[in-house]
Amino acid sequence: MTTTGTKTFKNFIGGEWVDAVSGDTFESRSPATGEPIGLFPKSGAEDVDRAVRAAQAAYEDWRLEPAPKRGEILMRFARVLEREKEALTDLMTREMGKVKAEAGGDVQEAIDMTYYMAGEGRRMWGQTTPSELRDKFNMSVRVPVGVVGAITPWNFPIAIPSWKLAPALVCGNTVVLKPAEDTPLLAERFVELLEESGLPAGVVNIVHGYGETAGDALVRHPGVPIITFTGSRETGVAVTKAAADNLKHVHLELGGKNAIIVLEDADVDLAVEGILWSAFGTSGQRCTAASRVIAHEKIYDALQSKLVAAAERLRLGPGWDDETDVGPVINKAAIEKSHAYTKIGSDEGARLLTGGEIATEGDLGNGFFYRPTIFGDVDAQMRIAQEEIFGPTTALIKVRDFDEAIRVSNGIKYGLSSSIYTRDVNKAFRAMRDLVAGITYVNAGTTGAEVHLPFGGTKDTGNGHREAGQAALDVFTEWKSIYVDYSGKLQRAQIDNAAG
Ligand code: NAD
């Protein structure tokens, strides 16, 4: 394992690596050990302004680059990511903390997304359609929006930037990226590799810094017509309000309180595996994490005892260690939040079945490790069953029948992922219809999105947009309808073709 110690990194603006105007920096540290990862520019409004101007200047030529050529650059980037997969995976275990297999999956998701979007360079279909008038041709085409302000969280530090940048770029936009302050080195490597892949100067710029300063300046900058944001609901609301005065496009991917339903006819062992992976993978820090399990009363006891036993076998440790099942949570605030919810759950009358403790034995005390935590006898209205904890905690809720299971699953403000374990095809199809969520899994946990399908959620998880798949193109382009009249005379729609 290599460390960068206290090396100072820079912003990337207009093809140059530069310090923040103020010269101030902030530090990134490993959540597993506290070791320093590096120092990064603490940017403000002036840095953001420079980056936006560089992106505006680059846009004029980038939008004219044929989309297949833009796709070829992305294709090269995908190959560079493949070459760097192992190094990025190792770095992710150190800077973000997730375990090696998951970190590799995060990087692979970026590779998959980049290849997929590279192909859009030769697709990106519009429509041609008949005109209601003679000698007239109608079509619609996608056009880029302009400078994209991309604000990303730390939990998928390579995948999420790729979800935003790959479609934004192939569609002809330029980008200013403000990555999460907890994983700046991964974001800077991402941009460095994009530069290596042949992206012209100014097409992608990175400005490090805090959300309330650098992020807010990006959201408010009049030269940025579109903000794509992934993060918490609270920040999503703040971003929407800050963008409102300029009537910006705002694309939001926010939180979740996802549930796995286990019916009485389910394969309980399979469900336990899915719950473990969905609740405790990435230490529960996924927007699609299963923080609720809704179990039919007939299998509730069996499920509970198998799940608790399996959770107690999970080994905590640093992500780069092959023996580790569950890595650290991201920072001090995250471990305090998880612990606060343990108290809230106990005070509410839920039964703490396992976990509920900060792990401090041996080297774990140097990092932010929280034991996988399961509450039983949880009422669906308790705070631990309603609020996003974003840590390794899940809540077991007992229900009497299928209808109650669906009601409980839907009875939250979020609508990201959902899941049902059953062997009854009729119930599976009813669940696919009735679960109010952007994603439904049947006989699988709540996580595991593939890049060619839309990703996002209903209700407070977002504002109606979707990331990934073809849906991403709708975020990063505007439709333009074009009418070509080759009749040589004035033809008036709705008037000259009207009957009688
Ligand atoms: P966060 O909202 O605290 O921060 C996300 C980003 O927003 C960071 O880059 C941060 O610096 C920036 N930011 C903070 N305040 C800002 C402001 N006022 N203006 C502009 N930018 C600001 O979220 P987080 O803790 O980094 O991430 C966890 C959250 O993200 C969870 O709620 C999780 O569910 C959600 N998430 C959602 C998805 C999804 O696709 N739906 C995916 C991953 C994470």
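This passage describes the surroundings of the ligand in a predicted model, followed by two loop residues with a positive phi.

In the model, the ligand sits in the largest pocket. Both domain 1 (11-254 + 462-481) and domain 2 (258-442) contribute residues to the shell around the ligand, which therefore lies between the two domains. The shell comprises 28 residues, of which Lys178, Glu181, Thr235, Leu254 and Glu388 come nearest to the ligand. By residue class, the shell around the ligand is made up of 13 nonpolar, 9 polar and 6 charged residues. With respect to secondary structure, at least two shell residues are supplied by each of helix 7 (211-220), strand 10 (226-230) and helix 8 (233-244), and helix 7, with 4 residues, provides the largest share.

Polar contacts to oxygen atoms of the ligand involve both backbone and side-chain atoms of the protein. On the backbone side, an N or O atom of Thr152 is placed 2.8 Å from a ligand oxygen atom, and a polar backbone atom of Gly211 is found at 3.3 Å from an oxygen atom of the ligand. A side-chain contact is made by Glu388, in which an N or O atom of the side chain lies 2.6 Å from a ligand oxygen atom. The ligand taken alone exposes 850 Å², and 89% of that area is buried by the protein.

Two residues were also examined for their backbone conformation. Most residues other than glycine have a negative phi. Phe390, by contrast, has a positive phi, near 60°, and is located in the loop that runs between strand 15 (373-376) and strand 16 (393-399). A positive phi, in this case near 65°, is likewise found for Ala468, a residue placed in the loop between strand 20 (458-459) and helix 14 (471-476).

How values were computed: Residues are numbered from 1 along each chain as its sequence is written. This is a predicted model: local features need pLDDT of at least 70, side-chain atom pairs count only at pLDDT 80 or more; totals for chains, interfaces and linings use all residues. Side-chain values use heavy atoms; hydrogens and water are left out. A residue is near a molecule or strand if one of its heavy atoms lies within 4 Å of it. A polar contact is a pair of N or O atoms within 3.5 Å; within protein, one must be able to donate a hydrogen and the other to accept it, and residues adjacent in sequence count only if both atoms are side-chain atoms. Accessible areas come from the Shrake-Rupley method with a 1.4 Å probe; for residues, only the protein chains shown count as cover. On a 1 Å grid over the protein atoms alone, a cavity is a set of points where a 1.4 Å probe fits but cannot get out, and a pocket is an open set with protein on both sides within 12 Å along at least five of seven lines; lining residues have an atom within 4 Å of a point. A molecule sits in a cavity or pocket if more than half of its atoms lie within 2 Å of its grid points. Ala, Val, Leu, Ile, Met, Phe, Trp, Tyr, Cys and Pro count as nonpolar, Asp, Glu, Lys and Arg as charged, and the others, Gly among them, as polar. Domain bounds come from an automatic or database domain assignment.
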